[in-house]
Each structure stands twice: as C-alpha cells, then as structure tokens.
Amino acid sequence: MADKGNWVFLAVCLSVFCVTKADIKLYAPVGKLFTYELVRETFQNEFEPLTKLHAGRFYDDPMVFKCNQQFFPDLPEWLRFTQRHPYDDGFLYGSPTVAGKSIIEVTAINKRSYETARQKLFINIIPAKTMRYEAEFFLQLREIEQVLPSTVQNEIKQDLQRLWKATSTLEVVNITSALDRGGRVPLPVPGHFEGVYVKVGSDQYFSECLLRTVTLEHQRKCEAGAKIPGDCNFCSIPSNCITWCKTTLTDLSTRGPAPPAPTMGSGILEAGGVYDPAESPPSRDYLPDYIVTVVVPLALAIILCLLLSYVMCCRREGVEKRDAMTPAIQLFHHHTIHGNGSELRSMAGGRGVVPPLSTLPMFNARTGERASPMQSDNIPLIMAQQ
C-alpha cells in the first residue's frame, strides 16, 4: 500500500508539472478579437505544488506577468497585454491583421518568493471572413480589464445587437482602451473610468438609429451637447451605454480594390554616368565672419573704455572750481573749524601739568593700579591687566 501511495503521489506531481510546463496552442482569426486570460491559480500550482498537496497549505501570492514575442523584447504590434494589479489575472488581447504564427513567451514572477514560471503560447493566425459593416462605440463607464472576459463581451454584444437590430450574432472586431487613443488617466476615485472603444462587425446593414450618427443634424446636436432621443436607448446595463457622439460607422462593402503591391527590383542602381568629385572645396571669404566676431566687439570695447575714461578723468571739478562755487560764509566756517582744531592741539602739547592716570598706557581703569616701572611701555593695556 505504501508503494502504491508513493506512485500515486508521483503521478499527481508529474501531471501538475506537465500541465504547467506544456506549450499551449491557440487560434486567432484575422480581423477578430483574440483574448487569452493568464490565470494566477495556474502558475500558483507550479510555485507551490508539493506544499499544496502534501502539507495542505494554500497560498495566494501576488504575481506579475511579463510577455514578449520569442526572440524579441516586446509583443507583436497587434497584441497587447494588461494587468491592473498583482492580485489580478492578466489578459493578452488584440486583433491580428495578417495570417501567420506568433510564439509568445509568458513569464510569471512571484512577488512573495521571487520565483519565476514560464509558459509558451503558440498562436496560429488563420484567415477569416471580413465583416461587411463595422461600427465602433465608446463605453465611458468601462475599463479594459472589465470587458475582456467572454461573459462581459457577450453582454455587450447582446445590447449592441438590440441597437443594430441584427438577426445574426455580432462579432467583436477589436477592443481598445481610451488611454491608447490619447485619453487622460482617470482619477483614482470611485465613479471615474478610463473608457473603452469596442468595434463590432456584422454582414447586416446598419439600423436607423446607427445611421443617425452620420447625419449633419446629429453632428450639430453633438456640438451643442444634446443627447440622442430615448427611442434609441438599448442598454440593459448602465455601463454598456455608449457615447453617441463618438460612434463611427464603416462600410467595407464599398471599398475599392487594394492598390497593387510594389514591384521588386534587382537592387542595383541604373548607370547614370561617372561621378567626378571636386579636387578641393570652393573658396570662402572669411572677412565678414572676422568683422562680425572680432572687429565689432573690439570697437565696442574701445568706445566703452574711452567713455569711461572721459567720465572718470575729464569730468573732475578740481579744488579751485569747487571753492569758487561754494558760498563765502561756508568756506569761512570751514576754515575756522580747522584753525580752532590746530590751536587746541598745539595748546595741549605745550601744557606742563601731569596727565591724568586714565591717559597712561599701563593704567588699570578697573582696579586703579599702575603697572610696574620694570615693565615695557610697549606691552598692550589688555595684556598688562591680565
């Protein structure tokens, strides 16, 4: 029994390994919407297979998906990837335009343990019939992750089919986020959405409500901010209601034949004679450049120096001119002050009284002591006080 249990355990582990490591083959028709959901639970089984089966522990790790075309750093031009949050599943979506084959490498990064898991998607793009009539609608109350699941797409198609009054099922041609069309990022508050453009196709002609969007009256109402009459109201879910002024209709049945492809030549240029290059470049006169870059700035500098020299040296008044312009009473008062000052200085130098102690260089004004006669007269007063 023990050996049998071990074999069962190994078989289960091998099956889990094969499921997560196996390459996935997908088919995408040309001109139709292709979506593939990257489920986190599938990669979670690869990160913790033994812990989940043996220990009974279940993890819900945040994951980030990285997608690129094989041998290329990015995805094909027709394919896009979106993942809102590490705890959300990722979506690959797009509408191929040319038949062929694309190999997509998917790398899942576990943000808890930083383990990685890889998966390859082989997408075979097959030719498909093009719908004769296409219409693109703008859903203002939707986000790209909300409309990619197949159940939501079916709800949108049912509402649009009621508007189209089509007897056959509509086909979703493409879904594009408004951010990819130059829309603004919405505020991170409830009630604000980025908006989604949904293009659907059908072989049945447009309904009367849809044909109103191409009339001049409809365009004038859109410019005035008016709304479409209530008889064209079709949405059973409020988030599926379209913005009528952003609706476009395309009639592919009236398109002319495609232009012919360019013809491929041999890759060799036709003979056009012998090219004889010049031996030397043509002569050029550098005198205007020299005048503009050297002579003109130098002349301006010389003029400024002469003007400054004239202002500083030639505009001085002189003592005689200044005295001649000064009133006599002011000059007499000035000379009297100078004479009185000179007389006081001469009288102070000729008096014979003993000068006060405060005028001596070695007198301590705080204690009243005088310095010792042995000290030099050159010692500063502050050092003598210390």
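Is Asp159 buried or exposed? In this predicted model, Asp159 is buried, with a relative accessible area of 2%. Its side chain is nevertheless paired: Asp159 forms a salt bridge with Arg162, and the closest N and O atoms are 3.0 Å apart. Both residues belong to helix H5, where they are three residues apart, about one turn of the helix. Arg162 has a relative accessibility of 46% and therefore counts as partly exposed, since that class covers values between 20% and 50%. The bridge thus joins a buried acid to a partly exposed base.

Helix H5 also leads into the interior. In soluble globular proteins, nonpolar side chains tend to be buried together. Here the largest nonpolar core has 30 residues, and those that touch the most other members are Phe137, Leu160, Leu163, Trp164, Ile175, Val200 and Ile242. Several elements each supply at least two residues of this core: strands S5 (90-94), S8 (133-139), S9 (171-177) and S10 (196-202), together with helices H4 (144-147), H5 (150-164) and H6 (208-211). H5 makes the largest contribution, five residues.

Val200 gives a local view of how this core is assembled. With neighbours within four places in sequence left aside, Val200 is in contact with Tyr133, Glu134, Ala135, Phe137, Leu160, Trp164, Leu170, Glu171, Val172 and Val173. Among these contacts, Phe137, Leu160 and Trp164 are also listed with Val200 as core members that touch the most others. A second core, separate from the one just described, has 22 residues, including Phe34, Phe43, Leu79 and Ile125.

The salt bridges can be followed next. The whole structure contains 11 of them. One pairs Asp180 with Arg80, with 3.9 Å between the closest N and O atoms. Asp180 is in the loop between S9 and S10, while Arg80 is in strand S4 (residues 79-82), so this pair ties together parts that are 100 residues apart in sequence. This contrasts with the bridge inside H5, where the partners are three residues apart. Both ends of the Asp180 and Arg80 pair are partly exposed: Asp180 has a relative accessible area of 47%, and Arg80 has a relative accessibility of 24%.

Another salt bridge brings together the side chains of Asp289 and Arg284, at 3.2 Å from N to O. Asp289 is partly exposed at 34% relative accessible area, whereas Arg284, at 56% relative accessibility, counts as exposed. Elsewhere, Arg84, Glu143, Glu145 and Glu194 are joined into one network by salt bridges that share partners.

Covalent links come next. A disulfide is a covalent bond between the sulfur atoms of two cysteines. How many disulfides does the structure hold? There are two.

In one of them, Cys222 and Cys245 are bonded, with their sulfur atoms 2.2 Å apart. The torsion about this S-S bond is about -100°, so the disulfide of Cys222 and Cys245 is left-handed. The pair links distant parts of the chain: Cys222 is in helix H7 (residues 216-224), and Cys245, 23 residues apart from Cys222, is in the loop between H7 and strand S11 (248-251). Cys222 counts as partly exposed at 24% relative accessibility, and Cys245 is partly exposed as well, at 42%.

The other disulfide joins Cys235 and Cys241, whose sulfur atoms are 1.9 Å apart. Its S-S torsion is about 70°, so the disulfide of Cys235 and Cys241 is right-handed. The two ends fall into separate accessibility classes. Cys235, at 16% relative accessibility, counts as buried because the value is under 20%. Cys241, at 29%, counts as partly exposed. A further cysteine, Cys313, counts as exposed at 57% relative accessibility.

The last stop is on the surface. Leu287, Tyr290, Ile291, Val292, Val294, Val295, Val296 and Leu300 make a nonpolar surface patch of about 690 Å². Val296, one of these residues, lies in helix H8 (residues 287-314). With a relative accessible area of 41%, Val296 is partly exposed.

Terms used: Residues are numbered from 1 along each chain as its sequence is written. This is a predicted model: local features need pLDDT of at least 70, side-chain atom pairs count only at pLDDT 80 or more; totals for chains, interfaces and linings use all residues. Side-chain values use heavy atoms; hydrogens and water are left out. A disulfide is a pair of cysteine sulfur atoms within 2.5 Å. Helices (H or I, at least four residues) and strands (E, at least two) are DSSP runs, numbered from the N terminus. Buried means under 20% relative accessible area, exposed over 50%, partly exposed in between (1.4 Å probe, protein chains only). A nonpolar core is a set of buried Ala, Val, Leu, Ile, Met, Phe, Trp, Tyr and Cys residues joined through side-chain atoms within 4.5 Å. Contact means heavy atoms within 4.5 Å. Patches are made of residues with over 30% relative accessible area and no salt bridge: like charges are joined within 9 Å, nonpolar side chains (Val, Leu, Ile, Met, Phe, Trp, Tyr) within 5 Å. Accessible areas come from the Shrake-Rupley method with a 1.4 Å probe; for residues, only the protein chains shown count as cover. A salt bridge is a side-chain nitrogen of Lys or Arg within 4 Å of a carboxyl oxygen of Asp or Glu.
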